[in-house]
Amino acid sequence: MGQKFQLEGFDEFETQLKDIAKGYRADLVVRQTLIKAARKALEPALANIKGMAPYDNKNTSGIHLRETAKIDARIPNERDKNSDFYREGDVAWGMVSVKKSAVSLSQEFGNARTPAHPYLRNGFETAIPQILSILKSELAEIIPNYMIKLRRRKIK
């Protein structure tokens, strides 16, 4: 835990998104570019988390932690803005989560009777290099194609 990554090029990326959005609704531009790319980029983390999530053979209800794992990518809403993770200027959020329950929390963080088995943090952290690589390649593909689509639409 505690990996650090140096991310560069986001100022240029922000300028490019703003240029694309001129004359269009910014939220639509973000949904068609950054949200799509984030959703695709988080797939390796989802696979890791599903693989690392504890499986209870004694659970007869049929619902296991790995089956509740999901990707959510969206424009931050008002509730998100109250989170410790929100930073002013965030235009998109991408996350992998499981259903919040006493079981999922005790597995991840432990409790008085159960030691911690951090599958969310470990699954996400081991996927970070893949996530960044996929995000970069998806944005490199999506943005030029989206710009062409917008320009065609404007001409008509």
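**Exercise 1. Is Q107 buried or exposed, going by its relative accessibility?**

*Solution.* The model is predicted.
Step 1. Locate the residue: Q107 lies in helix α5.
Step 2. Apply the cut-off: a residue is buried under 20% relative accessible area. Q107 has 18% relative accessibility and therefore counts as buried.
Step 3. List the partners. Setting aside neighbours within four places in sequence, Q107 is in contact with P54, L65, P115, A116, H117, P118 and Y119.
Step 4. Place Q107 within its helix. The buried residues of α5 (residues 102-109) are S104, S106, Q107 and E108. After α5 comes G110, with a positive phi near 85°.

**Exercise 2. Describe the order of the secondary structure elements and the overall burial of the chain.**

*Solution.*
Step 1. Count the elements: the chain has six helices and two strands.
Step 2. Read them from the N terminus, which gives α-α-α-α-β-β-α-α.
Step 3. Turn to burial. Of the 156 residues in the chain, 30% are buried. The accessible surface comes to about 11000 Å², and carbon and sulfur atoms hold 54% of that surface.
Step 4. Consider the contacts with a separation of 6 or more: 64% of them join residues 24 or more positions apart.

**Exercise 3. Identify the elements that build the largest nonpolar core, and follow the contacts of L139 and T33.**

*Solution.*
Step 1. The largest nonpolar core contains 31 residues, and I20, V96 and L139 have the most contacts inside it.
Step 2. Two or more residues each come from α1 (10-21), α2 (26-41), α3 (43-52), β1 (70-74) and α6 (119-155). The largest share, nine residues, is supplied by α6.
Step 3. Beyond its neighbours within four places in sequence, L139 is in contact with F13, T33, L34, A37 and P144.
Step 4. Take T33 from that list. T33 is part of helix α2, and its relative accessibility of 0% is why T33 counts as buried. Residues up to four places away aside, T33 touches L17, L139, I142, I143 and Y146.

**Exercise 4. Examine the salt bridges, and classify the residues that form them by exposure.**

*Solution.*
Step 1. The whole structure holds seven salt bridges.
Step 2. Begin with D27 and R31, whose side chains meet at 3.0 Å, N to O. These two residues are four apart in helix α2, so about one helical turn separates them. D27 is partly exposed, with a relative accessible area of 25%, and R31 is partly exposed at 40%. A network of salt bridges links R25, D27 and R31.
Step 3. Next, K40 and E43 form a salt bridge with their closest N and O atoms 3.9 Å apart. K40 counts as partly exposed at 39% relative accessibility, as does E43 at 40%.
Step 4. Finally, R74 and D80 form a salt bridge in which the closest N and O atoms are 2.6 Å apart. D80 is buried because its relative accessibility is 7%, whereas R74, at 22%, counts as partly exposed.

**Exercise 5. Which aromatic residues form a tilted pair?**

*Solution.*
Step 1. The count comes to one aromatic pair.
Step 2. Y86 and W93 form this pair, with 6.4 Å centre to centre and 45° between the planes.
Step 3. Both partners, Y86 and W93, are buried.

**Exercise 6. Characterise the setting of E67.**

*Solution.*
Step 1. E67 belongs to helix α4 (residues 65-68).
Step 2. Its relative accessibility is 49%, so E67 counts as partly exposed.
Step 3. Y55 is 12 residues from E67 along the chain, and their C-alpha atoms are separated by 9.9 Å.

Technical notes
Residues numbered from 1 in each chain as written. Predicted model: local features only at pLDDT ≥ 70, side-chain atom pairs only at ≥ 80, totals over all residues. Heavy atoms only, no water. Core = buried A, V, L, I, M, F, W, Y, C linked by side-chain atoms within 4.5 Å. Buried < 20%, exposed > 50% of the residue type's maximum accessible area, 1.4 Å probe, protein only. Contact = heavy atoms within 4.5 Å. Areas by Shrake-Rupley, 256 points an atom, 1.4 Å probe, with all protein chains shown as cover. Phe/Tyr/Trp six-rings, centres within 6.5 Å; stacked < 30°, edge-to-face > 60°. Salt bridge = Lys/Arg side-chain N within 4 Å of Asp/Glu carboxyl O.
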